[in-house]
Amino acid sequence: MSAKLLHKEKWSEFTGRLSGKNLWAPAVQGEVKKFVPVAEGETVSLEGGNTTVPPKALIFPQTETLYRFSRGEEEPEPPAIDEEMVLLGVRPCDARAMALVEKLFRWDFDDPYYLKRRELTTLIGLACNEPEINCFCPSVGGSPASTEGLDILMTDLGESYLLEVLTDKGKAIAGAVEDLLEEAPAEALKQKEKLAEEALAGIKWSVDPEGIPEALPQLWEDPLWERVSAPCLGCGICTYLCPTCYCFDIQDEVEGSAGRRCRSWDSCMFAEYTVHTSGHNPRPSRRERTRNRINHKYSYFVDKFGEIACVGCGRCSSLCPVNIDLIDILRQVKAAQ
Amino acid sequence: MSEQFRPNIVAFLCNWCTYAGADLAGTSRVQYPANVKIIRVMCSGRVNPLYVVNALQQGADGVIISGCHPGDCHYMEGNFYARRRLKLLKELLEFTGVDPRRFTMSWVSASEGHKWKEVVEKAVEDVRAAGPFDQFQRRQIGW
Amino acid sequence: MDLDKLRKTAAEIVSRDDVKYLIGWRRGTFGYRVSPHFVRDAAGADELIFSPLCISNLANYLTLVEKLPVPRGQEPDTRKVALMVKGCDSRAVAQLLAEKGIKREEVVVVGLPCPGMIDRKLLAEKYPETEQAAEIRWRGEDFVLVDGEEETVIPRAEVLAEKCRLCRHPNPVLSDVTVGEPVEPWAAAEDSGVAEIMAKNAEERWAYWEEQFSKCIRCYSCKNACPLCYCEDCILDRLDPIWVNRSVNFSENTAFHLARAFHLAGRCIECGECERVCPAGIPLGKLNRMLAQTVREEYEFEPGLDPEAEPFQASYKPDDPEEFIL
């Protein structure tokens with residue numbers, strides 16, 4: 001690992017230079033903040049909080065063509081995935097989420113689409129100096145300056161950015177803009193440590209997940225699920241905008257003699273998600289669906305991969321239109337134990 | 001451009017009046033543009049507005065819906081419902097920026113072969129003036 | 001608003017043998033959030049609130065609740081559901097009754113005359129949310145943000161929700177019990193959002209909606225939050241025939257939004273929930289309000305005022321407008 005310093009007067013040149021490498025960065029469009037492509041020479045602002053749509057949408061697109069087919073042609077055509085991509089300003093929680101999701105896509109089958117895109121993507125992170133209201137990453141093993149999943153971690157030091165180059169992919173990027181960087185002095189690293197500590201102290205919510213994975217199976221029939229799911233609308237906001245949710249549905253779309261097989265995000269909060277061909281639905285109401293969402297993140301994923309599938313970004317709590325708050329649910333789980 | 005552009009129009013015709021009217025136009029050897037692809041439905045009231053949306057998605061440049069004159073419906077009142085419903089659809093499409101010339105609705109009875117010819121001619125002319133409609137096509141966008 | 005009276009009334013209602021639960025609002029877990037609150041016993045009534053943040057329409061819970069099969073040997077629970085409604089919410093109940101989506105004897109309607117609600121997003125722009133659940137009250141025309149001893153007056157014009165600016169029915173159109181005095185309806189503002197689009201030409205309109213619909217992530221919160229979107233077998237869930245593909249792109253998104261708006265034509269009671277819950281900020285209300293305006297002006301019909309009225313699209317008049325028909 002090496003640490004570099006980038007003065008802010010060189011920021012626009014830095015992003016301008018990277019924009020030739022298929023650079024994506026957060027931008028506000030109306031009410032939504034999401035990663036958008038940065039046109040060549042365009043500058044980027046990393047002000048403000050995290051994106052509404054997590055960067056998972058770039059590596060695991062909401063709709064993705066698996067292959068195209070047409071009558072008379074024997075071999076289906078999978079689309080080529082060969083474009084490198086650089087994401088600038090990824091928050092540590094979202095980068096950690098990608099590391100978690102990757103476990104699933106490498107599990108019993110190596111998903112070529114996800115893994116290829118992941119491999120071609122360089123993640124330049126931005127440490128959170130000012131956590132948002134619903135952030136709780138330390139409770140689930142993260143931190144506002146976590147480096148997991150990232151290739152470079154940037155920290156805003158006021159006058160300059162500190163760049164910690166973490167991987168070979170990160171080195172390649174740093175190498176391309178070497179003339180803009182200088183060696184980071186020891187004070188810069190100290191200042192970063194201090195900012196990280198302050199950020200940690202600024203996080204308002206916390207819940208100790210200790211015991212939750214074990215408690216959940218025992219609370220299967222607990223009245224708490226009825227209670228917390230009663231206001232649920234059954235929409236897909238909490239899952240679609242969750243950085244660790246990865247469910248998808250595969251469908252053929254055919255018109256005339258040609259078509260494509262594509263996969264789109266799916267959500268366990270939808271009634272249709274579990275419905276059988278017979279019409280039977282093993283998760284017949286929002287109670288079971290809400291229970292599944294929490295169980296999946298805090299119990300099933302733990303059983304399978306040894307980690308909680310939640311990075312504490314707080315999106316589900318912030319974006320829920322009826323104020324179903326994950327922290328509140330987890331506290332109720334702990335209380336019911 | 002307008003010389004090469006052949007509008008692709010989908011027509012939903014009621015079985016009892018306009019379909020028979022179009023048939024009469026055929027047997028009477030009335031010449032009319034061949035841009036129309038007819039889909040026979042039992043009543044104009046059976047036309048789900050989503051048929052129109054779906055036709056546009058699948059590549060139609062314009063849509064015609066035609067049924068019996070008010071009062072002549074084989075099912076007494078189907079076309080009255082159609083009239084309300086499709087007026088709203090027309091307003092909605094216009095509001096979202098679909099050229100109103102792409103949407104034609106008419107009453108053509110079984111004996112009005114000539115009126116059918118006029119309706120088609122007008123629709124083709126209108127859609128030709130509006131130009132091809134590929135901004136909304138599935139294949140152009142998603143595939 | 002006399003909260004004690006509200007809570008007392010609610011406690012009395014939920015204590016009745018023929019009432020299953022009462023749906024109202026309670027303070028949220030942080031900021032300006034308010035959560036729907038299901039009161040199952042008299043004690044739960046103490047958490048009820050009615051404040052300028054209670055913008056959500058609770059009428060959708062009447063139809064959102066799953067009708068699960070009753071286990072053999074058990075009797076179905078036929079107790080009533082009590083519901084707190086503002087003016088707009090009560091219109092949803094009236095429309096549900098008109099469509100026979102619910103029966104009158106299934107609900108107890110607690111009417112709350114509404115002086116106007118706050119748009120949380122507008123408020124948060126001026127006064128950022130904190131981790132504390134805020135308390136806001138009405139005072140005269142305006143709103144007051146109460147923080148312990150400290151009070152901040154927020155002028156009505158700054159944060160009033162759009163649907164409330166356009167509101168023509170602040171008092172419930174039907175109720176079994178009313179808490180609070182009726183409010184004087186205010187002059188509804190001009191619907192500038194719809195008028196702005198009307199002023200555009202076809203290409204500009206298309207460009208506007210293309211931008212809007214492209215943002216959609218198809219979470220279906222608009223459909224689920226709508227009290228009048230309650231088909232048990234929704235065309236959007238259908239796979240055969242498939243009306244709208246699952247893939248998320250401008251074409252399918254547009255088809256979905258046209259279908260959604262159309263299915264509410266002549267039914268939408270303008271509670272603005274679709275627009276409020278949209279995480280992408282798509283101005284869905286404009287589509288609905290344009291159609292509502294057409295229905296009001298050209299057919300002289302307004303849904304959700306008379307629970308006995310024939311639904312708009314299931315009725316006709318022989319002299320309905322037909323100038324658009326050849």
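What radius of gyration does chain A have, and what would a compact globule with 337 residues have? Welcome to this structure, which is a predicted model; here are some points to guide a first look.

1. Chain A has a radius of gyration of 21 Å, and this agrees with the value near 20 Å for a compact globule with 337 residues. Along the principal axes, its C-alpha atoms fill a box of roughly 65 × 60 × 40 Å. Of the 337 residues of chain A, 45% count as buried. Among the contacts in chain A with a separation of 6 or more, residues 24 or more positions apart account for 72%.

2. If you trace the secondary structure of chain A, you will meet 12 helices and 11 strands. The chain is divided into domain 1 (2-65 + 74-201) and domain 2 (212-336). Between the C-alpha centres of these two domains of chain A there are 26 Å.

3. How many residues does each domain of chain A give to the contact between them? Domain 1 of chain A gives 27 residues and domain 2 of chain A gives 21 residues. On the side of domain 1 of chain A that touches domain 2, the elements giving two or more residues are S4 and helix H3 (92-105) of chain A. H3(A) has the largest share of that side, with 8 residues. By type, this side of domain 1 of chain A divides into 12 nonpolar, 9 polar and 6 charged residues.

4. Helix H10 (residues 286-305) of chain A deserves a visit. Its 20 residues reach 26 Å from the first C-alpha to the last, close to the 28 Å expected at 1.5 Å a residue. Where does H10(A) bend? The bend, of about 55 degrees, is at A:His296, and A:His296 is also one of the buried residues of H10(A). Others buried in H10(A) include A:Arg286, A:Arg289, A:Arg293, A:Ile294, A:Tyr298 and A:Phe301.

5. What do the buried residues of H10(A) pack against? Their partners are helix H7 (212-218), helix H8 (224-229), helix H9 (237-240) and helix H12 (326-336) of chain A. After H10(A) comes A:Gly306, with a positive phi near 80 degrees.

6. Now look at A:Pro79, in the loop between strand S4 (63-70) and strand S5 (85-90) of chain A. Is A:Pro79 buried or exposed? A:Pro79 counts as exposed because it has 12 C-beta neighbours inside 10 Å, and the cut-off for exposed is 12 or fewer. From the C-alpha atom of A:Pro79 to that of A:Cys135, 56 residues apart along the chain, the separation is 37 Å.

7. Chain B has 5 helices and 4 strands, and along the sequence they follow the pattern β-α-β-α-β-α-β-α-α. Its radius of gyration is 15 Å, close to the 15 Å that the globule rule gives for 143 residues, so chain B is as compact as a globular protein of that length. The C-alpha trace of chain B spans about 40 × 30 × 25 Å along its principal axes. Buried residues make up 54% of chain B. Of its contacts between residues at least 6 apart in sequence, 82% join residues at least 24 apart.

8. Finally, chain C meets chain B in a contact that takes 32 residues from chain C and 34 residues from chain B. Which elements give two or more residues to the side of chain C that touches chain B? They are helix H8 (202-214), helix H10 (250-263) and helix H12 (284-299) of chain C. H10(C) supplies the largest share of that side, 9 residues. The residues on this side of chain C divide into 21 nonpolar, 6 polar and 5 charged.

How values were computed. Residues are numbered from 1 along each chain as its sequence is written. Chains are lettered from A and ligands numbered from 1 in the order in which they are written. This is a predicted model: local features need pLDDT of at least 70, side-chain atom pairs count only at pLDDT 80 or more; totals for chains, interfaces and linings use all residues. Two residues are in contact if their C-beta atoms, placed from the backbone, lie within 7 Å. Ala, Val, Leu, Ile, Met, Phe, Trp, Tyr, Cys and Pro count as nonpolar, Asp, Glu, Lys and Arg as charged, and the others, Gly among them, as polar. The radius of gyration is taken over C-alpha atoms; the globule rule is 2.2 Å times the number of residues to the power 0.38. A residue is buried if 20 or more other C-beta atoms lie within 10 Å of its own, exposed if 12 or fewer, and partly exposed in between; C-beta atoms are placed from the backbone. The expected span of a helix is 1.5 Å times one less than its number of residues. The bend at a residue is the angle between axes fitted to the seven residues ending there and the seven starting there. Domain bounds come from an automatic or database domain assignment.
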